[in-house]
Amino acid sequence: MSQRKRTKHIDLAHMRKAFSLKPLAVGVAGVMMTGCADNRQDATIYASLDECKSANPDAAAKCDAAYQTAVEEAERTSPRFSTANDCEYEFGTNQCRQVETSSGSFFMPFMAGFMVSNLLNQRPYYSQPLYTSFSRNSPFRSRWVTANGQVFDGDIRKRNYKVSPSVYKAKPTVTRTMSRGGFGSSVRAKSSWGSSSRAGGWGG
């Protein structure tokens, strides 16, 4: 088994470096939404900070801020697993890292991208981390998914969407680990955006 990264503290600089080096799947994504569409906003998914800056050379500082927000949200809200095998069962081989804190250690998936809304507008912009899976066991393999299990249907190569502001609603801080298959079960329950399932079911 390959060596995994260990940190005594959640290290944003380390995560940014790790994120920049992780390959992304070329698969499927796209957003399935329900409800009213009149308040939807343009949103774009970027696979890396450099990709955001290349697409928005006049908004590099906003890309930095949006990426930083997504990284911090990933640290706070990412699904956690007690073992590497449980995490990799959901997200794929070498797609998880170990984090050690004063209260113990856990494994969490690497952030695969981040969604940004209103980046170039005067209105406030929003950012959320996104994940994908390389695992054959996963119902969201090669698809974008949020930290609380909301799946984006369609082709992952599609980066531009119309999304509800609820996409960016703050998610509960995660404080406990999940068992194998728990995240995938949540994704199945939320396969249709706006379903009756509850966000943050494994949160604090």
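Mentor: Two strands count as paired if DSSP finds at least two bridges between them, and with that rule in hand we can read this model, which is a predicted one.

Trainee: How many bridges join strand β2 to strand β3?

Mentor: Strand β2 (residues 96-101) and strand β3 (residues 104-109) run antiparallel and are joined by 6 bridges. The two strands form a hairpin, with 2 residues between them. To follow one rung, take Val99, whose bridge partner in β3 is Phe106. The ring of Phe106 has a further neighbour, for the charged end of Arg80 sits over it, 4.1 Å from the ring centre.

Trainee: Turning to the interior, which residues have the most contacts inside the largest nonpolar core?

Mentor: A nonpolar core is made of buried residues joined through side-chain atoms within 4.5 Å. Here the largest one holds 27 residues, and those with the most contacts inside it are Phe91, Met111, Phe114, Tyr131, Phe140 and Phe183. At least two residues of this core come from each of α2 (49-55), α3 (60-77), α4 (84-91), β4 (113-117) and α5 (182-189), with α3 giving the most, namely 6 residues. Another core lies apart from this one and has 12 residues, including Ile45, Leu130, Ile156 and Val167.

Trainee: What does Tyr131 touch, once residues up to four places away in sequence are not counted?

Mentor: Among the residues that Tyr131 touches are Ala74, Phe91, Met111, Arg143 and Trp144. Tyr131 also belongs to a cluster in which ring pairs link Phe81, Phe91, Tyr131, Phe140 and Phe183.

Trainee: How many aromatic pairs does a search of the whole structure find?

Mentor: Two rings pair if their centres lie within 6.5 Å, and planes over 60 degrees apart count as edge-to-face. By that reading, a search of the whole structure finds 7 aromatic pairs. In one of them, Tyr67 and Phe114 meet edge-to-face, at 5.5 Å centre to centre and with 65° between the planes. Because Tyr67 lies in helix α3 and Phe114 in strand β4, this pair ties together parts that are 47 residues apart in sequence. Both Tyr67 and Phe114 are buried.

Trainee: Which parts does the pair of Phe140 and Phe183 tie together?

Mentor: Phe140 and Phe183 also form an edge-to-face pair, 5.2 Å centre to centre and with 75° between the planes. Phe140 lies in the loop between β5 (126-130) and β6 (160-163), whereas Phe183 lies in helix α5, so the pair ties together parts that are 43 residues apart in sequence.

Trainee: Is Phe140 buried or exposed?

Mentor: Buried means under 20% relative accessible area, so Phe140, at 0% relative accessibility, counts as buried. Phe183 is buried as well, with a relative accessible area of 0%.

Conventions
Residues numbered from 1 in each chain as written. Predicted model: local features only at pLDDT ≥ 70, side-chain atom pairs only at ≥ 80, totals over all residues. Heavy atoms only, no water. Buried < 20%, exposed > 50% of the residue type's maximum accessible area, 1.4 Å probe, protein only. Helix = DSSP H or I, 4+ residues; strand = E, 2+ residues; numbered from the N terminus. Contact = heavy atoms within 4.5 Å. Phe/Tyr/Trp six-rings, centres within 6.5 Å; stacked < 30°, edge-to-face > 60°. Lys NZ or Arg CZ within 6 Å of the ring centre and 35° of its normal.
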